[in-house]
Amino acid sequence: MDKNIFREYDIRGQYPDQIDEDVAYTVGRSYGSYIQEKLKRNLCGVGRDNRLSSPQLSERLIEGILDSGCNVIDFGLVTTPMYYYACLKTNVIIGVMVTASHNPKDDNGFKFSFDHLGNARGEQVYDFRDYTFKGNFLSGSGNRTEFNPVEYYKNFIAERINMGDRKLKVVLDCGNGTTSLFAKDIYSQFENLDITMICDESDAHFPNHHPDPSVAENNRMLINKVIEIGADIGLGFDGDGDRVGFVDENGEIVQIDKAMIAYIRDINPFVNKKEYLFDVKCGKALEDEIIKLGGKPLCYRTGNSWTRYKVNKEGLPFGGEYSGHMYFTDKWPGLDSGLYNGLRMLEILSKNNKKFSELFEGINTYYNTPELKMHADDEKKFNIVNKVKEYATSKGYKFLDIDGVRVQFDDGWALVRASNTGPNLTVRFEADNKDRLEEIQKEFTAIIDEELKK
């Protein structure tokens, strides 16, 4: 087994080169043994997405868990948020989701948990990795039962969305991912929505575009359809359904840190704890707006496991990260759901007469890049981050190093961090004006380019 498949907050790799049925069985045998030995639990849940390799990997994973003597509730083919909900509904709390989220179609993996605060993260993953490689597993014969959470989840969402009277024309782009199986049915519960679906046939070859709305090019079909039919808003979902992306009525992509402002403005009058979490990739306008609203901004590390952990542990009303994972706890159980979060935005729009683009009036203006990914081998990317940190230190720059290096200037910032989901560096830049943005970007890109050449 390749140790590199154990990442900061999940297991992920290419099928079948890095992850195959034997790996799935070993992970299952290890997971079942681990939770019995270390957590004194003998029951977990398992779900899977619509990837081509997910049925066979899920089956072997479950066999491994059962052979450790641990019991399994099989949730079947579900979105990742449905799996989270099913774990809560059945009170198993913990389990394994077979998915590679938004990774390329030939990838697959496992999101797994050991507590109620979210998926395994950091040292939890690495401790499980070391336990797995020791291979001292339990033996037994666990019981397997099945639970289909779909109708329960559908009703759970309906009970937590209170639409206004305004009629909305909405385009949903499922990217042929797992939400293709459920989105129309869930959204059709709300009579004020005129829904147009695109890329809504479940097809894990992803024939139309890659199911990752955080990448601009993947939204091209959504943008075109919004403009074509004069829609009020377009929503795009990622492969396993835990993230959402937005397109406004003009066909412009609305970055997630901007969308988060609309959410926070909406809930702020109704929550007692006015503290809001965002990751290091988010822009300063979000921080400014939280302060304007009398709230406390909390900048934290990137990663859905970390964000969910922090929001739930601290009892924050809302938190999110730039890639599209967002967590409400005001009337939702603190889990990331692209379908639910999309409906929360429609709920806001349905209760006023503003266009989607007008929800962001009055926010401070900055100039920034989108999230940029630069290919760097897993062995090299962390060294490059360290070089950037050394450079910032030598120049006397202020910086945050909670996740990579975010260099802070009075008139902008630069972020360089190692991706935890692939062989990439993630970089982003922002400044008060275009010239300064270009200057900051050139300064730090030059350092990265020089290191990549070595």
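The exercises below work through sheets, helices and a pocket of this predicted model.

**Exercise 1. The five-stranded sheet**

Task: Find the strand order of the open sheet of 5 strands, then place the helices that touch it.

Solution.
- Step 1. Read the order across the sheet: β9-β8-β10-β11-β12. The pairing is mixed.
- Step 2. Identify the edges. They are β9 (193–198) and β12 (253–254), and each pairs on one side only.
- Step 3. Take one pair from inside the order. Strand β8 (residues 168–173) runs parallel to strand β10 (residues 233–237), and 4 bridges join them. Within this pair, Val171 stands opposite Gly234 of β10.
- Step 4. Add helix α11 (residues 338–350). This helix packs on the sheet and touches β8, β9, β10 and β11. Its direction makes about 170 degrees with that of β10.
- Step 5. Add helix α7 (residues 220–229). Helix α7 lies across β8, β9, β10, β11 (244–247) and β12. It runs at about 155 degrees to β8.

**Exercise 2. Strand β3 and its partners**

Task: How many of the 7 residues of strand β3 are buried? Then trace the pairing of β3 with β2 and with β7.

Solution.
- Step 1. Apply the cut-off: a residue is buried under 20% relative accessible area. In strand β3 (residues 71–77), 6 of the 7 residues are buried, so the strand is largely enclosed by the rest of the structure.
- Step 2. Look at strand β2 (residues 43–48). β2 and β3 pair in the parallel sense over 6 bridges. One bridge partnership is Gly47 with Gly76 of β3.
- Step 3. Follow the chain between these two strands. From β2 it passes through helix α2 (residues 54–67) to reach β3. This β-α-β crossover is right-handed.
- Step 4. Turn to strand β7 (residues 144–146). β3 pairs with β7 in the parallel sense, over 3 bridges. Here Val72 has Arg144 of β7 as its bridge partner.

**Exercise 3. The four-stranded sheet**

Task: Which strands are at the edges of the open sheet of 4 strands, and which helix packs on the sheet?

Solution.
- Step 1. Write down the order: β14-β13-β15-β16, with mixed pairing.
- Step 2. Name the edges. β14 (296–300) and β16 (326–328) each pair on one side only.
- Step 3. Check the twist. Neighbouring strands of the sheet are turned by 15 degrees against each other on average, direction ignored.
- Step 4. Examine one pair. Strand β15 (residues 318–320) and β16 run antiparallel, joined by 3 bridges. Gly320 stands opposite Met326 in β16.
- Step 5. Place the helix. Helix α10 (residues 304–314) packs on the sheet, touching β13 (275–279), β14, β15 and β16. The angle between the directions of α10 and β16 is about 20 degrees.

**Exercise 4. The largest pocket and Ser419**

Task: Describe the lining of the largest pocket. Then decide: is Ser419 buried or exposed?

Solution.
- Step 1. Start with the volume, about 480 Å³.
- Step 2. Turn to the lining, which has 23 residues. Glu8, Tyr126, Phe382, Ala418 and Asn420 lie nearest the pocket centre.
- Step 3. Assign the lining to elements. α4 (123–134), α12 (378–395) and β21 (412–418) each give two or more residues. The largest share, 6 residues, comes from α12.
- Step 4. Locate Ser419 in the loop between β21 and β22 (424–431).
- Step 5. Compare its relative accessible area of 4% with the cut-off of 20%. Ser419 is buried.
- Step 6. List its contacts, leaving aside neighbours within four places in sequence. Ser419 is in contact with Lys381, Asn424 and Thr426.

Conventions
Residues numbered from 1 in each chain as written. Predicted model: local features only at pLDDT ≥ 70, side-chain atom pairs only at ≥ 80, totals over all residues. Heavy atoms only, no water. Pairing = 2+ DSSP bridges. Contact = heavy atoms within 4.5 Å. Axes fitted to C-alpha atoms, helices over the stretch in contact; angles between N-to-C directions. Buried < 20%, exposed > 50% of the residue type's maximum accessible area, 1.4 Å probe, protein only. Right-handed = clockwise from strand over helix to strand, strands pointing away. 1 Å grid on protein atoms, 1.4 Å probe; cavity = no way out; pocket = protein on both sides within 12 Å on 5 of 7 lines; lining within 4 Å. Points joined across faces, edges and corners; volume = space filled by probe spheres on them.
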